[in-house]
Structure formats: C-alpha cells, structure tokens
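Dear colleague,

Please find below the structure that I am handing over to you. The notes that follow set out what was found in it.

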Amino acid sequence: MHLRITWIALLLLVSTGLAQDPEPITVRVTGVADGSVFLDAGRTSGLEPGTVVRLFPPGGSSIEVTVRVVSTDGARADVPPGAEVPPIGTPGEFVRTAVPEAPARIEPRRVNQTFQDLPWKSDDRGFDPDGPLLAPVAGTPPERRPVDWRGRVFGSLVASHEGNGGSNDYFVARLGSRMFATNLFGHAGEFELAFDVDRRGTDLMDSGDGSHSRGRLERFSYTYGLATDDPYRVQFGRFYSRSIPELGLLDGAELTARLQNGMRVGAFAGALPRPFPAHATGEDTATHVFVEFGGENPLELSGVVAFQKSWHRGAADRDLLVGRLFATPAENLTLHAQLKVDLYTSGDSVKGSGLGLTESFTTLRYRASKDFGASVSHSHFEYVESDRREYENLPLDLLRDGRNDRYRLSAWTRLAERVRVRASGTAWNDQDRSGSDWDVTTELDGVIEEETWFAISIFEIDGSYQSGHGLRLDARRRFGDLGVRAGYTVRRLDTDGLLFDEPRHTSQSARIGADWHSGAWQYSLAGDAWFGDREDAYSISLFAQYRF
C-alpha cells in the first residue's frame, strides 16, 4: 500500500510558473497493420521519429503510439505491446517537442544610422567579397552549434478491479524517460536514450497477492552523420534502424553510405534482443544489408529493400527479405506497401524449402478533396519457423498452416462544414474461420459549441467466438489547456463455443477522462467501467509527463 501511495504522489506533482505549452496538433489514423498505425501528418506538421502521439480509440481509453517512419505528410507509428490496434479514423493529438522561437523585435533604423550601427551582425567568415553575387555562403558548422537537449520524463499508474463472481485487483506503475541530445560532440550527431521501470502487483481471490519490479532499456544509441552533406551515417548501440525500422530493435552498429544519385546503401552487424519487454540479448545475432531509394521528392516514390541473416546460439537460423514502398501514382492517390518474406531451407522441417510470405500490408488511399476520402487495405500474417524464442510452445499444425488475411475498406465525407461521416468494413479469414465487421460514425465538430466534438457510431461484428451489434457514443470538450472526454458503449452479443449458460448477453462500458497541459507538464486521468450480464469491472489510470 505504501508503495502505491508513493507512485501516486510522484504522478500528482504539479509544476507552477512554467512557460505556456503549445496547443496540441490533431491527427487521424488513415491505415492500420499488425502492431502499427498510419497517420495523416508528417514532417510538415512537426512529427519526427520518436514523437509520441496520443490516440483516442472509440470505446476505449487513450493509448500512446511512437512514430517510427516519417514522410512529408504521413507517418507510421508503433502501438505498444498488449494494446489493441485502433481502427482507421481514430483521432489523436501530439505536442511538438521543439517550438520555433519568435524572432526578436528589431527597432526601426534611424535616418542617420550607418551600416555599422544596424542591429544585426552577420558572421561573414568564409565569405569572399570578390566572388559572384549569388555565390552560396556556408552555414554555421556543427562544431560551433550549441548542444540541443529535448525529451520527456513520464509516469503512469493503472489500477483495475474485477468483481464478477469474486474479487481480483491488479496494478501497474511505471516511470521512464526518453531523451535526445543533438550535436552532443560538435558534429551534428544525435544521442538517444529511452528507459523505464515498472512495478506490477496482483491481489487475487484464489492465490493471494504478489508483486514484482522490472527495468527495461528501450534505446541507448548514438548516430553520427546527420548533416545534409555527410556522405556516411553511423548508428550504434541499442536502436531502431533509421532506414528500416521494420527489423525491430537492434543491438550493434549500422553503417549507411549516401550515393550521388540519392540512394543509400547500408549494413548492420550485432545482436537481436528478444521481442519481450525485458529485451534480453545474447542468444541471437544477425547481420543485414539494405538499399534505400528516394529522389528529390520522396513522396512520389521511395522505398527500401533489405536482407537479414540471423543465427541462434551460433547456428544458422533465419533468412529474411524485407521491402517497403511509398508511391504517389496519381494526384491525391497514395500507395504504401511493406512485406516480409522468409527463405526456408531443407533444415526447416515444418515449413519445408521455399519462400514464405510471413507478413504483408498494402493500403491505397485516395483523397479527392478536403470533403471526401477513401482507402482500401489488405494485411497478411503467418507464423515464422525460427529457433529464436518468439513463438514458444506453438502447435505444429498452427505453425505450418496458421495464417490471417484481413481486407478493409473505409471512406469518409464531410456533409457540412462541421459534420463528417465515416464508414468502414472489414472481412477476415484464417486457416479455420472467417468473419467480418462494419461501423458507421457521424462526427459533429463544434456544431453545438466551439471546441466540442461528438460522435455516434453503430457497428456489427461477426467474430470467431461472438457476434452481435452495438451503439457507441463519444464526446470531447476543450477548455483552454484542459480537455475532457466521455463515452458509452452497449453491445448485444451472441457467443459461440464458450461455456456460458446464456449464449446471448448484453455488455456495456462507460469511460471518462481529462487531459491538462500546464507549461511543459501534461497530465491525464481516466476511468473505465464494464458492466452488464457477465461483466463487473473498473479501472483507473493516471499519467503525467514533463517535456523539455
């Protein structure tokens, strides 16, 4: 109990007298893949790799996703492990980590003022007064630029209670930090550090209480060669590759060379941390090579092709091909595709020799105008045969035949300036079953009052073990730096293959939340409750972070 009180006290620290924080920038999910979402904002909106975006999925609590790949007007972000991937159309927001400073005010020049008296001073070292009029002047070299520190420190606490037929309590408390230092050693490089420590506890009706703590080093790396004219880039430590983050977390070093035609080639050697929260390393080593292409306008055509070879405890394991493509085949039409193909050999006893399409995702998005848009997507997943500890104790028939294909169509239109309707439908099938779902949502943005957003949705699901339909209501309101939200969902479900006395039941959930910005601080408080014929549970979550 004392430990929980300590964590809560840390999360409720209030900072006063800090500078006003910039208004959050809104985004929306335009595509989804296994563990990732695609956003309608990019570099022009202030997004950069590592930016944390808070999403507000319909019918659930907000989640934080981390941006991995950024283009001019789009980005891909990873959903945290264990969190459900939000649907297309999910709104969100983020705060720029760096805000341009306002230019200093220049006093009007006096009539008798000479050139030497002007209020600005130019550093003209390296400037040839006898050179051509439009000859370029070199910018400030990295060794004369200051070190730029930025990042965030955060803490969270989630406590939940289940009371249906008993009493079970759970809590997870977490403290962590994510920070960057640009130009740390005076050559335009960047240092990145991300870590957290959490405490998990349970108080179960049948087995009593217990708790444990765990620390995690998510990233610890340095990248050299980020200046626009650097021919080489070296990234080493624990990191996600800047060119091909699809390969996951890496321990080692990656060298990238920039060619004159705008292409980049690179190679990596090191270890693969296990894909679990502790990120233990040592059993799996790997090397990869890649080619990245993209011209003057990477939005028109850009992509990467990579090959990774890995070893498990010194024995050859996985041969993997990875590809990613982003193209603009026509005006207002964008194509994004990525895939992973495994090259199996005779040593793979379950899959057998040949090529295996392990993962793929393709989305085609069309935006005719600000009033209409649509997208179609397909994703494919299969289990990979590998000695790496990723899918332990997997049944052989599921390893051999397990797959999932998902097709999704979505569209939205603006019926009026502040009225928007979006609809989506999904069909899926795996090795044994198939199903579908659809939903239609009407959004009212500022119709009743400014800074107020309402949404009403109807939906239907046809899943593996349950099917039915439901209604969802969501509302958000902003009062300056304070934002509040509330929602309610009701479902009428039929279960199939589950051991319940009554296969048909009603499920309901309600949620409330508030977000508050105060200078560089951000706070969030949320509560969720599940009730109905078979549910009796609630949860409370707190979140606080400080940006610098």
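May I begin with a single residue: is Ile 458 buried, partly exposed or exposed? Ile 458 has a relative accessibility of 43%, so it counts as partly exposed. Please bear in mind throughout that this is a predicted model.

Ile 458 is part of strand 23. Together with Trp 438, Val 440, Ile 456, Leu 471 and Leu 473, Ile 458 forms a nonpolar patch on the surface, and the accessible area of these residues together is about 450 Å². Two or more residues of this patch come from each of strand 22, strand 23 (452-462) and strand 24 (466-479).

Overall composition

The protein contains 2 helices and 28 strands. Of its 548 residues, 41% are buried. The accessible surface amounts to about 29600 Å², and carbon and sulfur atoms account for 57% of that area. When contacts between residues at least 6 apart in sequence are considered, 49% of them join residues at least 24 apart.

Strands 20 to 22

Strand 20 (residues 403-416) and strand 21 (residues 419-430) run antiparallel and are joined by 12 bridges. The two strands form a hairpin, with 2 residues between them. Within this pairing, Tyr 407 stands opposite Ala 427 of strand 21.

Strand 21 is also joined to strand 22 (residues 434-445), again in an antiparallel arrangement, by 11 bridges. Here the hairpin passes through 3 residues. Ala 423 has Val 440 of strand 22 as its bridge partner, and Val 440 is also one of the residues of the surface patch described above.

Nonpolar cores

As general background, nonpolar side chains in soluble globular proteins tend to be buried together. In this model, the largest nonpolar core has 19 residues, and those that touch the most other members are Val 37, Leu 39, Leu 47, Val 53, Leu 55, Val 65 and Val 67. At least two residues of this core are supplied by each of strand 1 (25-33), strand 2 (36-39), strand 3 (52-55), strand 4 (63-70) and strand 5 (75-78). Another core, of 7 residues, lies apart from the largest one, and its members include Phe 290, Val 304, Leu 320 and Val 322.

Salt bridges

Side chains of opposite charge can pair when their charged atoms come close. The count for this model comes to 30 salt bridges, and three of the pairs are described here.

In one of them, the side chains of Glu 283 and Arg 274 meet, with an N to O distance of 3.1 Å. Are both partners equally covered? For Glu 283, the relative accessible area is 16%, so this residue is buried. Arg 274, by contrast, has a relative accessibility of 22% and therefore counts as partly exposed.

A second salt bridge is formed by Lys 309 and Asp 319, whose closest N and O atoms are 2.9 Å apart. This pair links distant parts of the chain, as Lys 309 belongs to strand 15 (residues 301-312) and Asp 319 to strand 16 (residues 315-330), with the two positions 10 residues apart in numbering. Lys 309 is buried, because its relative accessible area is 18%. Asp 319 is buried as well, with a relative accessible area of 15%.

A third salt bridge joins Arg 403 to Asp 405, and the closest N and O atoms are 3.0 Å apart. Arg 403 has a relative accessible area of 28% and is therefore partly exposed, whereas Asp 405, at 10%, is buried. Elsewhere, Arg 178, Glu 192, Asp 196, Arg 216, Glu 218 and Arg 219 are joined into one network by salt bridges that share partners.

The surroundings of His 505

Finally, I draw your attention to His 505, which is placed in strand 26 (residues 504-518). His 505 counts as buried, because its relative accessibility is 8%. Which residues does His 505 touch, not counting those up to four places away in sequence? They are Arg 491, Arg 492, Leu 493, Thr 495, Asp 533 and Arg 534.

Yours sincerely

Definitions and conventions. Residues numbered from 1 in each chain as written. Predicted model: local features only at pLDDT ≥ 70, side-chain atom pairs only at ≥ 80, totals over all residues. Heavy atoms only, no water. Pairing = 2+ DSSP bridges. Helix = DSSP H or I, 4+ residues; strand = E, 2+ residues; numbered from the N terminus. Core = buried A, V, L, I, M, F, W, Y, C linked by side-chain atoms within 4.5 Å. Buried < 20%, exposed > 50% of the residue type's maximum accessible area, 1.4 Å probe, protein only. Contact = heavy atoms within 4.5 Å. Areas by Shrake-Rupley, 256 points an atom, 1.4 Å probe, with all protein chains shown as cover. Patch = residues over 30% accessible without salt bridge, like charges linked within 9 Å, V, L, I, M, F, W, Y side chains within 5 Å. Salt bridge = Lys/Arg side-chain N within 4 Å of Asp/Glu carboxyl O.
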